[in-house]
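Student: I would like to learn how to read helices in a model. Could you walk me through some?

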Amino acid sequence: MTQMTVEQFAHDLGMLPNLLLEQLQAAGVVKHSAADLMTEQDKARLLDYLRKSHGGEGSRAKITLTRRQTKEIKQADGTGRPRTIEVKVRKKRVLTTKRNITEAVDKRPAQESVSSKSAETPDVTASPIIDAEQKALRAEEARKRAELVARQTAEFKEKEKRRQQAATSDEIKEEPAQTIQKSASEEVVVPKSTTETSSKATGKTTTSVSATSQASSSAGAQATQKLSEKPEEKNKKKKKQIKQQEVWKDEPVKRRESKTRGDAAAQQEWRMRKDKRGKGKRSEELPPQHAFSVPTEPVVHEVLIPETISVATLAQKMAVKAAEVIKVLMKMGTMVTINQMLDQETAIIVVEEMGHIAKIAESDNPEAFLEEVTSSTEAVKMEPRAPVVTVMGHVDHGKTSLLDYIRTTRVAGGEAGGITQHIGAYHVKTSRGMITFLDTPGHEAFTAMRARGAKITDIVILVVAADDGVMPQTIEAVNHARAADIPIVVAVNKMDKPEANFERIKQELVNHGVVPEDWGGDAMFIGVSAKTGQGIDDLLEAVLLQAEVLELEAARDAPAKGVIIESRLDKGRGPVATVLVQSGTLRHGDVVLTGAVFGKIRAMLDERGKSVKTASTSIPVEIQGLSEVAEAGEVFIALDNERKAREIALFRQGKFRDVRLNKLHVAKMEDAFGHQQDVSTLNLIIKADVQGSCEALIYALKQLETDEVKINIVHNGVGAIIESDINLALASEAVIIGFNCRADLRARKLIGSTGVDVRYYNIIYEAVDEVKQALSGMMAPDRKEKTLGLVDIREIYRISKVGVVAGCYVLEGLIKRDALVRVLRDSVVIHEGSLDSLKRFKDDVKEVKAGFECGLSLKNFNDIKQGDQVEAYEIVETARVL
Ligand SMILES: Nc1nc2c(ncn2[C@@H]2O[C@H](COP(=O)(O)OP(=O)(O)OP(=O)(O)O)[C@@H](O)[C@H]2O)c(=O)[nH]1
């Protein structure tokens, strides 16, 4: 082996002798000048050092190359002033190698120091430590590389040629970014050649640009330099540019990806957003074709229409201009402005008029959310719950006394005086179970709640004073309970009084349909005394027995639902409401929505004023935190979403409320007049000046009943029409008849807001006549067949796409286009149906009289033959009168 100097070795390696000297020194090989001789041992030491300095030996499978370059570019800015731009290029590339490490490291000095140098160069440096076999391998590889380089060069030349042809005069301007890419392209060659030697390469380049704005003093010099550039240099530059443009095409993408944090989905979304704006084009990832194709026909939108919608919103939903909608409405004879609200029906017509599909929007109605909540709770396990009891009865029969007795003796395990607060409801514990009492005796609360659709009470305790007997309000209570289909337990009170007569009460109530168990009925009668406490246990027992029969159940592990029992504005605490949980569990911190009021529960007290954290089914609690005073009798629901609760509350507060009120179904006499369906019962509430006229009216009305139509007197009484009558009418869809009496002020207000049908009479026959008309309207009309004429079929024509057409002659009467027909063959009916067409010559006609010819076809029937006859007839309906 020939010896060589440091300089020669450096030359072979393609590096400066000084640099090699430094490396040798670092490797512990003492050489003083470039003329010093290198021994094989020196080379081996240097190689060993380089291996170690690149991060360990043997197991190393990755090689990291880092290179920094700083360049200055002088360019004129937008104003034409020369500027110097400093471009720093930092390139880092990690190569993963599967090859023998010795070999990989062996090549390193050459690759690292000269990126553009021919790959065959470093053979000499490796010679001391490679054997003959390796040499052969190396030679083979060198040959391959040479081939590759030759091929690449040829390709570039070809491309260059094409590019030059395409843009001969268009000199590629050197933008700063391009310049960066240009310099970076040098580095790109490395992985390409490395791919040859190492089987896998992953590259990463970080580029930073710092542009310094400074007046260039050498602008002229630069120009000269540009001019003096040789054509080959220019070509070389262009080649590099083209090469880098191809290779670095995906570099912006890489950079973006490296900047993006978060998961892949977020990145994807981010990219999509970017793509939407038309920036950051990524030809590799985009499908080759354009995803959007211009619609060739009008797009039909499915438009969800809420109860009311503004013109602007409607236009937006159809993707048209508001002016278009206004135009359509103008054609329909309505002048509107862009912000005007349209009702649902009008909006539907507009949408259909404009060729779109209108759908009644459930999803726009936040209340639909409540339906979801409600339905989701249905799947939850049901558990038995305590009955909720309301006490009803005539004035002074002892309702309050009875409730007071039960409360003071039973609440909190009989701790008399344990109640510090009165919240309108409480629950008592007995040996057989728990009962919840609504502490608001009377019909008002009861019917008010029911009118709002809240069935809060499970059982009614009907209090009747044993010394007084059945009184008007007792009967009213019975009617209310019956209308609501709620079982009654009769508490015959004041049994301690000597004049008490238990049997008389039973008798009197039987007359009103409340039949005691021992008489074959289903009502339990218990003798009690609110004064002495006699029979109270039996009464509670009876209530629980009744509850058992009812099999009362509710979900416990579900969002709470229930009813507002009482509500008021407390000076210190703000709006407070007593609520009864009917299903689920109410928790401190829950968001509660009731009507148009909502709020987060800030405090929750039980009936003794003790703070509690939860309240499960049939438990009454007082809650604080509602935004306003809630309406008693209104249903409440606990939601986990405050935003949704607010949304629904606002929705209910708005004008939608009026729309909803209008939609509340109330019974109208007119409905009954025009009713042609099988509605067979007319519900009535009758109020009269005196009992006599009330009874007379009921008797007269009852005479109108037939097998088909019935009258149901939901309630009758003496005196003014009061609020509870309206509520009852609302709940039972009844019409109120006021005979020689009027509604009081509060009732009138309620009539105004609910639209309950109230009719006043002072002549009994007038009332009877109107009810008679109503009942007549409820009866199905008489339907009779009327024969129109007879037609002879003389000729049959089979026309493709039309079917069978018959040439006919009208024998008798006439035939109408809309008549019903029977086809007779040998006087036997073979088909019944209707006409599809009726013509005289070529014209469609409405009817053809006897003695004339005509053409006809039948709907869904083609088996018509010459000699058949067609009988035409129609159905005539006549209203029936009672
Ligand atoms: N002797 C006796 N008197 C009773 C009994 N229960 C109630 N009373 C009395 O009957 C009167 C009316 O009792 P309340 O409890 O106020 O009757 P109420 O049905 O609540 O009356 P209103 O609230 O006006 O509807 C009071 O004077 C009670 O003391 C009882 O069991 N025996």
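Student: Which residue follows α26, and what is the sign of its phi?

Tutor: G755 comes right after α26, and its phi is positive, near 80°. Helices (H or I, at least four residues) and strands (E, at least two) are DSSP runs, numbered from the N terminus. This is a predicted model: local features need pLDDT of at least 70, side-chain atom pairs count only at pLDDT 80 or more, and totals for chains, interfaces and linings use all residues. Residues are numbered from 1 along each chain as its sequence is written.

Student: Which residues of α26 are buried, and which are exposed?

Tutor: A residue is buried if 20 or more other C-beta atoms, placed from the backbone, lie within 10 Å of its own, and exposed if 12 or fewer. In α26 (residues 745-754), A747, L750 and I751 are buried. Seen down the helix axis, the directions to their C-beta atoms fall within an arc of 105°, so these residues line one face of α26. L745, R746, G752 and S753, on the other side, are exposed.

Student: How are two packed helices described?

Tutor: By the angle between their axes and the distance between the axes. Here, α1 (residues 6-13) and α2 (residues 17-26) pack at about 105°, with axes 9 Å apart. Axes are lines fitted to C-alpha atoms over the stretch in contact, and angles run from 0 to 180 degrees between N-to-C directions. Angles of 65 to 115 degrees count as roughly perpendicular, and α1 and α2 are therefore roughly perpendicular to each other.

Note on methods:
Parallel < 35°, antiparallel > 145°, perpendicular 65-115°, else oblique.
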